[in-house]
Amino acid sequence: MNNRLALLRESVEQRLDAIRDPSTGKGLFTSGRISGLEVRWDGKVSFTLEAPPEVAEHYVAVRDRADAEVRKIEGVRGVTAVLTAHGPKPQSAGGIGRVKHVIAVASAKGGVGKSTVAVNLACSFAALGHGTGLLDLDVYGPSAPTLLGTGERRPQMSREKVLDPLDAHGLKTMSIGYLVDPASPMIWRGAMATSAVRQMIDEVAWGELDVLVLDMPPGTGDVQVTLVQRVPLAGAIIVSTPQEMALADVRRGLAMFEKTRAPILGVIENMAYFETADGKRTHIFGEGGARRTAEAAGAPFLGEIPIDVALRESCDAGVPLVAAQPDHPVSRRILDMAQAALANVARLNKAAPRIQVK
Ligand code: ADP
């Protein structure tokens, strides 16, 4: 498993953007002419070229060129390029209306590694070939700037008065940490935090995404419940450590999402054990508790993540382990969990209507 697909997707986007849109004079991608881009495991690529209806015939040649250019990319095994002339659907410039699946990553308390897991899951979705965003909703203690190494970078305001998310490690990302000086104390309370959260959802140009991962603020209080009720969730992933105390927390987390009717895609046990070089495992915080709680509650268990030095170092270095070392055993585990979570999205949302905003 590696991030071959994410790289391939990037090459396709670049190649398409190198083709000039006759109407705007800019790249096809930048001009918003390409929609529904899909890059599959077997190297099959498909996308739609949206032509302005009044000059649609000029775009037949553009489509042929786009098809031919993408075919030249190493690793591409087939291209389906569809030309439409309906013109892009009217969309507001910001918001999550074109996000297929919003997945919340939650924990009942801080310090269990929720943000670490959220960021690495997001990188896993991207590595699996899905257009992915990460929205850090922990307005009191944002961690995306550190975990993604975005440092001093600041999002730009576009002409439509929406913020462009920052691109980092193949993800579109937004965090309150990008907007306020990290050195200034965060003294926001209720209303301010709520309006900041609303802005990061509605006034950010998320565009077309397959998955948007929400790194939730820790806890199961009113703030969290309000939040999960605002956003149409495809499901939630709960992160816990194995202690008995933490298990009561998992139960609270499960109960919170029950209120919102969002399916639980799975429970992840973080810091499950420590393994020495000779393969000896020590269950520092106890063994298998999260799995038992998940099973008792009828929620899927996605797996265990050990305490791992490389994982901690990658957090501090600002490069998620899954992005930096996709073949690391811990990365492989997280990639498998991401795949299982997505399978659960499909399975548990079968009867549900397609996500609609508001
Ligand atoms: P939370 O979002 O739950 O508050 P963080 O993701 O910020 O927690 O993680 C807290 C600290 O624990 C960070 O320093 C992170 O690097 C570290 N950490 C998280 N998971 C692991 C793990 N499995 N192994 C080693 N360190 C971890």
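**Ligand contacts and a helix pair**

User: What makes the approach of Gly113 to the ligand a polar contact?
Analyst: A polar backbone atom of Gly113 lies 2.9 Å from an oxygen atom of the ligand, and this pair qualifies because a polar contact is a pair of N or O atoms within 3.5 Å. The model is predicted, with local features needing pLDDT of at least 70 and side-chain atom pairs counting only at pLDDT 80 or more, while totals for chains, interfaces and linings use all residues. Residues are numbered from 1 along each chain as its sequence is written, and side-chain values use heavy atoms, leaving out hydrogens and water.

User: Which side-chain atom pairs with a nitrogen atom of the ligand?
Analyst: An N or O atom in the side chain of Asn270 is 2.9 Å from that nitrogen. The protein buries 78% of the 560 Å² that the ligand exposes when taken alone (Shrake-Rupley method, 1.4 Å probe).

User: Why are helix 3 and helix 11 called roughly perpendicular?
Analyst: The axes of helix 3 (residues 114-127) and helix 11 (residues 329-348), fitted to C-alpha atoms, cross at roughly 75 degrees, and since 65 to 115 degrees counts as roughly perpendicular, the two helices are therefore so described. Their axes come within 9 Å.

User: How do you know which residues join these helices?
Analyst: With contact meaning heavy atoms within 4.5 Å, Leu121 and Phe125 are among the helix 3 residues that meet helix 11, whose partners include Leu335 and Met337. The residues of this contact divide into eight nonpolar, two polar and no charged.

Terms used: Axes fitted to C-alpha atoms, helices over the stretch in contact; angles between N-to-C directions. Helix = DSSP H or I, 4+ residues; strand = E, 2+ residues; numbered from the N terminus. Parallel < 35°, antiparallel > 145°, perpendicular 65-115°, else oblique. Nonpolar A, V, L, I, M, F, W, Y, C, P; charged D, E, K, R; others polar. Polar contact = N/O pair within 3.5 Å; in protein donor to acceptor, adjacent residues only side chain to side chain.
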